[in-house]
Amino acid sequence: MAGSDVNPHQPQGSLAKLMVGAMGIVYGDIGTSPLYAMREAFAGHHPLAMDQEHIFGVLSLIFWSMVLVVTIKYVVFTMRADNKGEGGSLALLALISHKVSGARWTTGIVVLGVFATALFYGDSMITPAMSVLSAVEGLKVIDPGFSVLVVPLSVVLLVGIFLIQRRGTARVGALFGPIMVVYFTVLAVLGVLNIFQAPQVLLALNPWYAIHFFIIDGWKAFLALGSVVLAVTGAEALYTDMGHFGKKPIRMSWLTVVMPALMLNYLGQGALLTVNPSAIDSPFYHLAPAWALIPMVALTTMATIIASQAVISGAFSVTQQAIQLGFLPRLSIKFTSAEAQGQIYIPFINWGLMVCVLTLVLAFQSSSNLAAAYGIAVTGAMTIDTILLGVVIFMLWRWNKVTAFALLGLFLVVDLTYFAANLTKVPDGGWVPLVIGLTIFTLLTTWNRGRKLVQDKLQASAMPIEVFIKSATASTTRVPGTAVFLTSTSNGVPHALLHNMKHNKILHERVVFLTVMIENVPYVPATRRIEVLDMGQNFYRIIIHYGFMQDPDIPRALARAADYGLAFKMMETSFFLSRQTLVTSTAPGMPLWREKVFSWMMRNATNAMEFFKLPSNRVVELGSQVEI
């Protein structure tokens, strides 16, 4: 069920099965990078000379980027920093906040973690557009006359991807892994066949060629990093999707299948360009013989659809975390599969992403143009991941400082160099992910700040519960039934109760103050789900605990209250909700424009009844105005 008491993504099955599954979800983005990485290095916005020194230099940079960024940074170290098995910027941020809350610098760490999340949304928009456009552009290799079909067909495919989200992908998802296994196998085979034409490209694995590239052509080598980084976009997915498959399957599939296949393909492209520089218009597709081009375009298009699907699902998952951790308002979350428990669909995010992705396709028209916008969000998020990893290493793992500084220094030099190289793309389209990131960052922080101000305001004016119980029970008529008042704070009388008494002048026979607490861990076990406190006079305080990856279900949780001698009959229970209306003011809490943004977000939030799965015929909403 959606509100499962256990981790719905708990990896199950043999190592081989989990490895295949990981290839269908985790490696779609990085797996489709060979479509454009080499091409952009030599024919992009900063083209390089097509000679052996530059070809070997780029290949060496790609290989050692995979070693340093993907293998050492993510596979070896970052994946160790899991939050009860879950990964990603928000999960890492929650882990740090949980362990070192109260430290002076935690505010800065929170800001960085939230900004990394905002950049992820920008990447979620660019990746589907870039991947699908690159795959469909293979039609131009088959016949240049097909070029007019590239954008329309890409739009049709992308619309189709977003339309099927509401039905879920549990059924076809079983095919994703096998398709990607075939795809990676084809990449490796085509690479090997072309390496035979110029086997000397294997020398490019020597890091000297990367160093030599900088010695002979330093500025162009630096600019080339903006294209080389395209070969490792998607590396963060190894960490983000860790909860789905576990560490070992992701690590094993990278080391034994994905990285070898990708590197063989890049070396094959290098060999091809060595003997046939004219193939630079699409070195990926030119690896294949003419008779294989059509099936190659079909297979690659399927791979990019799978990559896009994985990114969209990741956006849904990150949104769910952001809602639970208080960075986004409640949104409607649909569960698309009773069996595949982690399958969720968020309509608002789905249609918002679709509009943005289609806008990018129509605005940039080609993957080469879009490559200018690709990379900044990824390298920014990677840099922030390194900083968050540093906090974990120093504060949680407590490593030797010399070792920690040496390792983090290496990671930061690499990340910041890549980020700086991508900043050169800003005039050509790199501003797009920055604008998207800053906009989403503003929304996330505005909601978090506004929510805290509202809670502080309500708490400041709340009557102490003990005082209320003594005064109200002596003078107020009590009627049969149970009244459950939802409140966001675990002290003070809920405003909905005060409004109910003011207008109806009665109290129910049994009154329950209910608070849902979201913990900084992904899953809270059933044994810790509920706390019950008897406050006397038939008043009770109940606190329900959930992890940030769990789906709140209040009726289901209340069924556990019977273990504490507090049974609930839903047809005799009324749920009272307080709906706040924000009144903007010039008070010092937030600038007026942010108050208006927060007010808009409040108005468009899904109501608590739907979010907490309350029975609609047992809910009473009472409104109030709040000025912050």
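**Salt bridges and buried residues**

Reader: Why is D551 called buried?

Author: D551 has a relative accessible area of 3%. Buried means under 20%, exposed over 50%, and partly exposed in between (1.4 Å probe, protein chains only), so D551 counts as buried. This is a predicted model, in which local features need pLDDT of at least 70, side-chain atom pairs count only at pLDDT 80 or more, and totals for chains, interfaces and linings use all residues. Residues are numbered from 1 along each chain as its sequence is written, and side-chain values use heavy atoms, leaving out hydrogens and water.

Reader: What makes the contact of K613 and D551 a salt bridge?

Author: Happy to explain! A salt bridge needs a side-chain nitrogen of Lys or Arg within 4 Å of a carboxyl oxygen of Asp or Glu. From N to O, K613 and D551 are 2.6 Å apart, so the pair qualifies.

Reader: Why does K613 count as partly exposed?

Author: Its relative accessibility is 32%, which lies between the two cut-offs, so K613 is partly exposed.

Reader: How do you know that R39 and E137 form a salt bridge?

Author: Their N to O distance is 3.6 Å, and the limit is 4 Å, so they meet the rule. They sit 98 residues apart in the chain, R39 in helix α3 and E137 in the loop between α6 and α7. A helix here is a DSSP run of H or I with at least four residues, numbered from the N terminus.

Reader: Why are R39 and E137 called buried?

Author: R39 has a relative accessible area of 8% and E137 is also at 8%, so both fall under 20%.

Methods. Helix = DSSP H or I, 4+ residues; strand = E, 2+ residues; numbered from the N terminus.
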